[in-house]
Amino acid sequence: MRISPEEIVETLLMVTQQNLDIRTITLGLSIAQCADTDVNRCADKVYEHVTSAARDLVSIAEDIQSEYGIPIINRRIAVTPVAQLGSVVQTPDLTPIALALDRAAKEVGVDFIGGFSALVQKGIGAGDRRLIDSIPHALAVTERVCSSVNVASTRAGINMDAVLRMAEVVCETSQTTADQDSFGCGKLVLFCNMVEDNPFMAGAVHGVGEGDAVINVGISGPGVVRAVVASLDPGADLTEVAEAIKATAFKITRAGELIAREAARRLGVSMGIVDLSLAPTPAEGDSVAEIIEAMGVKRCGGPGTTTALALLNDAVKKGGAMGTSSIGGLSGAFIPVSEDAGMIRAVQAGALTLEKLEAMTAVCSVGLDMIAIPGDTPAETIAAIVSDVCAIGMINHKTTAARLIPVAGKVVGDMVEYGGLFGSAPIMEVNAWAGTGLVRRGGRVPAPLGSLRN
Amino acid sequence: MQTPAILSVLGEDRVGIVASISRVLAENGANIEDIRQTIIGGIFSMTMLVTVNEDHTPFDQLQTNLTAAGTEMNVQVTLQREDVFRYMHRI
């Protein structure tokens, strides 16, 4: 059947007026073969391998963008969790590897490279310890390196020792990057149930179950979904709203599937997954909060928000599932505060609080994301917030994450400007009645009964 | 290599759009398979299904030539591979 002019114009308007884009093409690369007892030799091998494998990533993405007329916003790289290399290296500081990744990212022209990471949900190994201890300095002396640490899982429970240590690392990173409004913490995510094929930063890693190289694609399109919801008759019932979102998600996902296949083919690597996440940007209208408001919630964060978000998240998955057989990554609406103009407005209006964002985490991915909090927030409080987010993920068999930024020298009501896709963040109030004693107990929250599924 | 593509022109209607675009296509070895014109939401819209002969003119070069012709007539000309529409609008 021929494509109709209406369908052609619809696609063009999606791109030109509603911010339809492919948010990221992420090349996953195994760097396991770069292991070496000498950290500098290891770093050299990492640099050589990444620059050689990703040499054509940016030019291929640009060609595809031009030929298909769909913008590809970011080109990124994810590597094997560096803690694995850290277990072979004989020195405590892994910063040279982070610097090598940073140089490689600059050389091939990608804006972020993820994988300065460790998985410590059950225990912290020697390599993990080296990596974690290196994070505050590594994120201060690099620009493009992203770090993530998995501190909990449904199968292992919550490693509270790791949660508390990582909360300290967040505070240290806040200090080491104080001159950039603690932006280092914006490049550091703590996960429960981390996935191995996430194309989105800052949490992208190339999992140990992956092949040597793979292309993963993250789709976007909150602006398109918002426009569709806003164009519905005000009397449309919720089934009709879900149906409209589903149909739109299908189209967005198909674009992602096509781009993923084509990029993988041209790079000569296998196609991994399409991540069906609605990722907002600070651009006006490209907002998950505004979709919720278009559905009929007065301001994002008000009563009804969790319901609207649940409907949205589910409808996106249903439409997307028809669009690709390779769903993966996080695949859930993102609710990052600083990157979403509607979320920022909601915080400033007093409609959206940390507690409501935590509740929203239960029905979407990925939790408390890009949230600026006062610089003097104690590590124990951060640990308790992180453990709450992990508890939701652990019990509900889903990925949850926290990317909290205690901004040095800032207090509630201040704003910080990160620019570009990271937007600006209002400093949010933190509940003063934290479970300090709880997190200091340490040990592990045992895996829940629901994990015993064999 | 023969590449199916969709060419779309959006903007204000005026004399010579079809002639000008067709001339660029012919000069670059691209064949018009189908052509439709309509007004959508007050915008003049012309869409063409064309086959680009990439051995004659590479895809990106044809895009550049068409964009130049569009700029002269103050209309937006877009050339995209056809599969993106097929993927997005057909199961």
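**Sheet of chain B.** I began with the strands of chain B in this predicted model. Four of them make an open, antiparallel sheet, and I read their order as 2-3-1-4. Strand 2 and strand 4 of chain B are at the edges with a single partner strand each, so each has one side without a neighbour in the sheet. I also looked up the twist: on average, neighbouring strands are turned by 20 degrees against each other, direction ignored.

**Strands 1 and 3.** Next I picked out one pair from this sheet. Strand 1 and strand 3 of chain B run antiparallel and are joined by 10 bridges. For one residue pair to look at on screen, I chose Ser8(B), whose bridge partner in strand 3 of chain B is Thr47(B).

**What packs on the sheet?** I found a helix from the other chain here: helix 1 of chain A (residues 5-17) packs on the sheet and touches strand 1, strand 2, strand 3 and strand 4 of chain B. Its direction makes about 75 degrees with that of strand 2 of chain B. Helix 2 of chain B packs on the sheet too, touching strand 1, strand 3 and strand 4 of chain B. With the direction of strand 4 of chain B, helix 2 of chain B makes about 165 degrees.

**Where the chains meet.** I then turned to the contact between the chains, which takes 20 residues from chain A and 23 residues from chain B. On the chain B side, the elements giving two or more residues include strand 1 (2-11), strand 2 (31-40) and helix 2 (59-73). Which element gives the largest share of that side? It is helix 3 of chain B, with seven residues. By class, I noted eight nonpolar, eight polar and seven charged residues on the chain B side.

**Two helices of chain A.** Helix 8 (residues 222-231) and helix 10 (residues 288-295) of chain A have axes that come within 9 Å and cross at roughly 10 degrees. That crossing is why I wrote them down as roughly parallel. Among the residues that meet are Val225(A) and Val229(A) from helix 8 and Ile291(A) and Ala294(A) from helix 10. The class count for this contact is eight nonpolar, no polar and two charged residues.

**Nonpolar core.** Last, I looked up the largest nonpolar core, which has 185 residues. Helix 9 of chain A (residues 238-267) gives the largest share, 12 residues. Ile97(A), Leu101(A), Val151(A), Val163(A) and Ile259(A) touch the most other members. I followed up Val151(A): beyond its neighbours within four places in sequence, its contacts include Val120(A), Ile158(A), Val163(A), Phe191(A) and Cys390(A).

Conventions. Residues are numbered from 1 along each chain as its sequence is written. Chains are lettered from A and ligands numbered from 1 in the order in which they are written. This is a predicted model: local features need pLDDT of at least 70, side-chain atom pairs count only at pLDDT 80 or more; totals for chains, interfaces and linings use all residues. Two residues are in contact if their C-beta atoms, placed from the backbone, lie within 7 Å. Helices (H or I, at least four residues) and strands (E, at least two) are DSSP runs, numbered from the N terminus. Ala, Val, Leu, Ile, Met, Phe, Trp, Tyr, Cys and Pro count as nonpolar, Asp, Glu, Lys and Arg as charged, and the others, Gly among them, as polar. Axes are lines fitted to C-alpha atoms, for helices over the stretch in contact, and angles run from 0 to 180 degrees between N-to-C directions. Angles under 35 degrees count as roughly parallel, over 145 as roughly antiparallel, 65 to 115 as roughly perpendicular and the rest as oblique. Two strands pair if DSSP finds at least two bridges between them. A nonpolar core is a set of buried Ala, Val, Leu, Ile, Met, Phe, Trp, Tyr and Cys residues joined through C-beta atoms within 7 Å. A residue is buried if 20 or more other C-beta atoms lie within 10 Å of its own, exposed if 12 or fewer, and partly exposed in between; C-beta atoms are placed from the backbone.
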